[in-house]
Amino acid sequence: MNEKIILAGFGGQGILLAGRLLALAAMKEGKYVTWIPSYGPEMRGGTANCAVTISDDLIGSPIISFPNVLFVFNQPSLEKFLPKLLSKGLLIYDNSLVYYDDRRKDIDVIAIPATQLSVELGDQRVANLIMLGAYISKRGFPSEGAFLSALKEVLGDRKASMFEINEKAFRKGLEYGKSA
């Protein structure tokens, strides 16, 4: 396994948290990982992205120039990162917020109305967990158990009350990913 993942969107969409959860879940399964956040100077509404590498082997560099998995949470991120997605790569995007015209025929695509589904669940902030659930459903990695353990660890006691809605969102994404 050598997943080179970029997650990109606006600040406040949980981009960095999503990347951190993937990295931590992979670590729990014995993988080598790197996680590098990048964001603009704005607290909310500015650009945010992170690069996550998950590998069976030692990772030479945490820099990802050409990902094989791309999560897109807004239109500017699609325009910026889609040309860099490797052929046979996987694009996962929130089609509640992003328009994609199927211009690339050499990639797999999961279009998921993550924001819409999160609103239906009662909390728009969990769209990122829906996207992660779809990814894990498609890839079969990391395991649900490792992911939920990572989620519980990241939320900690201070945000333990958020676990239930995040788990619901994650499971919604898993269901959606199975049918995608």
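**Stop 1: Val69**

Select Val69 and show its neighbours: beyond four places in sequence, Val69 touches Glu3, Lys4, Ile5, Ile6, Leu85, Leu90, Tyr135 and Arg139. Keep in mind that this is a predicted model. Val69 sits in strand β4, which spans residues 69–72. Is Val69 buried or exposed? Its relative accessible area is 0%. The cut-off for buried is under 20%, so Val69 is buried.

Now add Tyr135, one of the residues that Val69 touches. Put a distance label between the two C-alpha atoms: Val69 and Tyr135 are 9.2 Å apart there, with their positions 66 residues apart along the chain.

Next, pick Ile5, also on the contact list of Val69. Ile5 has Val69 as its bridge partner in β4.

**Stop 2: the sheet**

Widen the selection to β1, residues 2–10. Strands β1 and β4 run parallel, and 4 bridges join them. Then show the whole sheet. What is the order of its strands? Reading across, the order is β2-β3-β1-β4-β5-β6. The sheet is open, has 6 strands and shows mixed pairing. Look at the edges: β2 and β6 (108–112) each pair on one side only. Ignoring direction, neighbouring strands of this sheet are turned against each other by 10° on average.

**Stop 3: helices α4 and α6**

Select residues 127–139, which form helix α4, and show α6 with them. The span of α6 is residues 163–179. The axes of α4 and α6 come within 6 Å. They cross at roughly 40°, which makes α4 oblique to α6. The crossing of α4 past α6 is right-handed.

Show side chains at the contact. On the α4 side, colour Leu129, Ile130, Gly133, Ala134, Ile136 and Ser137. On the α6 side, colour Asn166, Ala169, Phe170, Lys172, Gly173, Leu174, Gly177 and Lys178.

**Stop 4: a salt bridge within α6**

Stay on α6 and pick Glu164 and Lys168. The two form a salt bridge, with the closest N and O atoms 3.6 Å apart. Both lie in α6, 4 residues apart, about one turn of the helix. Glu164 is exposed, at 52% relative accessible area. Lys168 is partly exposed, at 43%.

Then select Glu79, Asp101 and Arg103. Salt bridges with shared partners join these residues into one network.

**Stop 5: salt bridges across the sequence**

Side chains of opposite charge can pair when their charged atoms come close. How many salt bridges does a search of the whole structure find? The search gives 10. Two of them follow.

Select Glu153 and Lys28. Their side chains meet in a salt bridge, 2.8 Å from N to O. Glu153 belongs to helix α5 (residues 144–155) and Lys28 to helix α1 (residues 15–28), so the pair ties together parts 125 residues apart in sequence. Glu153 is partly exposed, at 48% relative accessibility. Lys28 is partly exposed too, at 39%.

Finish with Lys31 and Asp56. Their closest N and O atoms are 2.4 Å apart in a salt bridge. Lys31 lies in the loop between α1 and β2 (32–39), while Asp56 lies in the loop between β3 (47–55) and β4, so this pair ties together parts 25 residues apart in sequence. At 23% relative accessibility, Lys31 counts as partly exposed. Asp56, at 36%, is partly exposed.

Definitions and conventions: Residues numbered from 1 in each chain as written. Predicted model: local features only at pLDDT ≥ 70, side-chain atom pairs only at ≥ 80, totals over all residues. Heavy atoms only, no water. Helix = DSSP H or I, 4+ residues; strand = E, 2+ residues; numbered from the N terminus. Buried < 20%, exposed > 50% of the residue type's maximum accessible area, 1.4 Å probe, protein only. Contact = heavy atoms within 4.5 Å. Salt bridge = Lys/Arg side-chain N within 4 Å of Asp/Glu carboxyl O. Pairing = 2+ DSSP bridges. Axes fitted to C-alpha atoms, helices over the stretch in contact; angles between N-to-C directions. Parallel < 35°, antiparallel > 145°, perpendicular 65-115°, else oblique. Left-handed = near helix turned anticlockwise from the far one by under 90°.
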